[in-house]
Amino acid sequence: MIRVTFLGTSGAVPTVERAPSALYLNREGDEFLLDCGEGTQRQMMRFGTGFGFSHLFVTHLHGDHVLGIPGLIQSLDFNDREAPLAIHGPPGSKRHLKGLVHAAGHDPSFPVTVHEERPGSVALDRAEYEIRTFETDHRTSSVGYALVEDDRKGRFDREKAEEELDVPPGPAYGKLHEGESVELDDGRVIEPEQVVGPSRPGRRVVYTGDTRPADATVEAAEGADLLVHDATFLDEDADRARETAHSTAVEAARIAGRAGAKRLALTHLSSRYAGRAGKLEREAADAFDGEVWFPDDGDRVEVPYPDADGE
C-alpha cells in the first residue's frame, strides 16, 4: 500500500488540535516527509511514523512549512542516525534550507544534501515511480509534488496459457509476462498479447502545499488516486483567500473535479475555523463528486491500486 499520515493540517497559526503543515508518505517501505512545520518530530513520534524517511520535500519557505527542520535534524542526530537525508525545495531555497539544517551552529553527524527543484522536473527517479514537481501559485517561490507510479504489467492468464495454448508451466510464463515471445517444442510461437492483458495503471498521490487554484495542479493531478490540496478558507472568505494566495475548500474541490481525482483531502485549515472543518467538508462535497474530507492530525489513509478489487 501507499500510506499517507497527516502530521500537521493547520494553517499558518497552529491550534490545540492541529499542528502546522507536515505529511508522511510511505510507499511500499520507501518513506518521505512533505513539509516540516514546527514540532513535526513530536508528531512523528505521536502518530508512529518513525524516522525512516530518506527525503524531505519542501513546498516553500514560509515558517509553518519549514520551522520544524532544525528540531527534526537535531532529534535525528540524537537518535544516532547514520543514513543520508536529501532535502528538496523550490528554486531559490537552498541557502535558507541549509541555514535551517545548521541552525544554532548545529552540524549533523549524518550526511544532509539540499537540492533545488524546478517546476516540471523529476525530483526523485526510482525504478517503479517518480516524484515530480509542478508549479503552484503562492506568494513566494513554491512547488507541489506528485508521486507517480509507472504502469504495471497486465495480468497473466494462466488458465488460457495452460489449458488453451498448452504452454508448459515454468520459465515460459515469466518470459511471456515480461513481453517476450516463446517458441514451444511443437514449433508454435506464443506471443505475449495472447496471454497477458493490457497494462494496468499505477497510483498517483499529489500534494500542493499552499496555493491558489492552478492549471498546473490540474495537470499534475490528472486521474490522481489522492489529491491533498490547500483549503484554508470557507467560500465566504474567498476574497481573503485571493489576498493571501490560498484556496477555499470549494476551489480545491473544483480543481479535483477538473483533474478527475478520485479522492480529495483538504488541508491547511485557518485557525479562524477551529472546530469547524466539517463546514469546509460540506462546501467541498457540493462541488466534487468523489470522496472528500478534512483529515485531523494523525489520520491515515491507504491508497490501493485502482484495480485492487481484481487482484
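Of the 311 residues in the chain, 53% are buried. Keep in mind that this is a predicted model. The C-alpha atoms fit a box of roughly 75 × 50 × 35 Å along the principal axes, and the chain carries 10 helices and 16 strands.

One stretch comes with a label from a record: UniProt, in an unreviewed entry, puts "domain: Metallo-beta-lactamase" at residues 200-268. In this model, that stretch is 35% helix and 20% strand. Its end C-alpha atoms sit 33 Å apart.

Now for the charges. Side chains of opposite charge can pair when their charged atoms come close. Searching the whole structure turns up 16 salt bridges, and here are three of them, with the closest N to O distance for each.

| Salt bridge | N to O distance |
|---|---|
| R132 and E130 | 2.8 Å |
| D186 and R188 | 2.8 Å |
| E236 and K279 | 3.7 Å |

How open to the surface are the partners? R132 counts as partly exposed, at 34% relative accessibility. In the D186 and R188 pair, D186 is exposed because its relative accessible area is 51%, over the 50% cut-off, whereas R188 comes out as partly exposed at 31%.

The bridge between E236 and K279 is worth a look along the chain. E236 is in the loop between β13 (226-230) and α8 (238-244), while K279 belongs to helix α10 (residues 277-285), so their pairing ties together parts that are 43 residues apart in sequence. As for accessibility, E236 is exposed at 55%, and K279 is partly exposed with a relative accessible area of 30%. Elsewhere, salt bridges with shared partners link R27, E28, E128, E149 and R203 into one network.

Not every charged side chain is paired up like this. Which residues make up the patch of negative charge on the surface? They are D157, E159, E163 and E164. Patch members have no salt bridge and over 30% relative accessible area, and D157 meets that second condition because its relative accessible area is 35%. That value makes D157 partly exposed. Along the chain, D157 falls in the loop between β9 (143-149) and α5 (158-164).

So where do you find unpaired negative charge gathered on the surface? Head for the patch with D157, E159, E163 and E164. For a set of charges joined by salt bridges instead, go to the network of R27, E28, E128, E149 and R203.

How values were computed. Residues numbered from 1 in each chain as written. Predicted model: local features only at pLDDT ≥ 70, side-chain atom pairs only at ≥ 80, totals over all residues. Heavy atoms only, no water. Patch = residues over 30% accessible without salt bridge, like charges linked within 9 Å, V, L, I, M, F, W, Y side chains within 5 Å. Areas by Shrake-Rupley, 256 points an atom, 1.4 Å probe, with all protein chains shown as cover. Salt bridge = Lys/Arg side-chain N within 4 Å of Asp/Glu carboxyl O. Lys, Arg positive; Asp, Glu negative; His and termini not counted. Charge placed at Lys NZ, Arg CZ, Asp CG, Glu CD. Helix = DSSP H or I, 4+ residues; strand = E, 2+ residues; numbered from the N terminus. Buried < 20%, exposed > 50% of the residue type's maximum accessible area, 1.4 Å probe, protein only. UniProt positions renumbered as here; feature names shortened; annotations may be inferred.
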